[in-house]
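Got the viewer open? Grab your selection tool and let's take a walk through this one, stop by stop.

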Amino acid sequence: MEDHNAVLACDSAANLGSFQTRLAIDVFDYYPDSTGDGGYLRLAGWVYCYGINRGDAAVPRLRIGIEGHRSSQKPILLTLNVPRPDVVKVYHDAPEMCGFDYVIPVLTSCKSVLISIMHHHTVVHHQKLSVESLNAVRVPYKSPQDHVINVRFYTDYPVCNFRCPYCVAGHGNNTTERERWDEEMFHKYDKIMDNLGKLDMRINVRPGVAGEFFLSEKLMDGAVRLAAAENVQSINLITNLSRPLTFYERFLSRTGTTKVALVASYHPTEVTDPDEWFEKAVWMNSALDFAVILVGYPPIIDQLEALKFKLNSLGLTVFVQGFIGSYQGRAYPQAYSPAHKEVLRKICYSRHDYEFFVEARKPGLCYAGFNSFYVDMTGVVRPCGVGGWPWPFMGNLLEEPTVALCPAPHPCISSTCLCDTEYINTAIFRQYYRFTGLNQHKFEYKFKHLAATWPAIDEWEIAYC
Ligand code: SF4
Ligand code: SF4
């Protein structure tokens, strides 16, 4: 299975007498610089200190050396700010830890990276990352052909059979009459889908709509063709699961289930027969990579906990998207009350979902455009669909099947990233999570095994930064 995060981890420990340290490293990324003879390696991880500190343990320092790098360059020495108590302190249950996150320049001649923990002037522990293990990270970023790119194709297809009050596409309370697609729009859709299937890069595609995808035979035909394309690794689709089961079975018999992942949105105000809906969801879950989405619409928040419990009891993965829009004259998600936040925190799929969809945090460094791109019905390719990126021309998929990716990740210029397709592009997502399969809505906290021993690093306990 493709690891979208291309992470290399090492995890080992060393004794400092009665005080011990442990080093856990993730090599997040290697990305090339514009000259082509080198690049930047982003290393991050933690040093944990635990045991009994009798007051004699000096502050550990971290040294990063690069073998095969410019010979004149001295190793980089970082002093870590691990708190050192003045009195004897037992840390068995809650280790003191400090994180590091460092970008180092490396040439293509780099043989290995050596990371050492120094205590006084002595190396007490070191971890060597060989060139082979670095390559596991480096290769995917060397050229687009070797790397799987996430694609969001927003089609703006305007037809839906539901009228959810919170609909962001305008089918709900304030229904906006949208123009139906004519033949020319379907022709454009086909052209873009077909050009995606011809790109010289491996891609995961998420076609989005402003309605219900499975109401259009032509949209489905495009997905069937795309699933057959060699460069396509997966297609993520979303549905309100309102069509009969036989209908979805027929579609999946055309695409196969090895490349298709599905998210079904459960809309309590619209579903007239919940048991039938649950039955279809259980079948879907047995047939392919499947997840359910609920929307944190203020008037139904109190129902969501029980609903999520019911869906989980059927073996279904559930995530909650914050409500985006206006309710009783207040703009959400920023207007969630402390009581709402408490409920949402309990039922959110991950800390990442909570931080982005409920707390509406400012995103920071983002890989949009670097290992993902966005295209809409104009055919113009952009890094992402949120916030007008002032980025130069990346391509036009109505004209030709080529996309020029950005050379490196960049800081986001938007104040929020509320899109459930885009928020996975952020550096902070990659820092803490990895995907578990094809589905963009199924991922896990990378440190969950360590957190089982040390609750202080549970995803809900850490500073999410
Ligand atoms: S199913 Fe989706 S597109 Fe249709 S009304 Fe509900 S939220 Fe809007
Ligand atoms: S954080 Fe979101 S809005 Fe910002 S660049 Fe990335 S994908 Fe776009």
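Start by selecting the shell around ligand 2: its residues split into eight nonpolar, four polar and one charged. Here Ala, Val, Leu, Ile, Met, Phe, Trp, Tyr, Cys and Pro count as nonpolar, Asp, Glu, Lys and Arg as charged, and the others, Gly among them, as polar. The shell has 13 residues, with P363, C366, C384, C412 and C417 the closest; being near means a C-beta atom, placed from the backbone, within 6 Å.

Before moving on: this is a predicted model, where local features need pLDDT of at least 70 and side-chain atom pairs pLDDT 80 or more, while totals for chains, interfaces and linings use all residues. Residues are numbered from 1 along each chain as its sequence is written, with chains lettered from A and ligands numbered from 1 in the order written.

Next, pick helix 8, residues 351-358 (helices are DSSP runs of H or I, at least four residues; strands are E, at least two; both numbered from the N terminus). Six of its eight residues are buried, meaning 20 or more other C-beta atoms lie within 10 Å of their own: H352, D353, Y354, F356, F357 and V358. Show what covers them, including strand 15 (318-322) and helix 7 (338-347). Just after helix 8, click A360 for a positive phi, near 50°.

Last stop: L196. Setting aside neighbours within four places in sequence, L196 contacts V151, F153, I203, V205, L226 and L397, a contact being C-beta atoms within 7 Å.

Methods: Contact = placed C-beta atoms within 7 Å. Buried ≥ 20, exposed ≤ 12 C-beta atoms within 10 Å, placed from the backbone.
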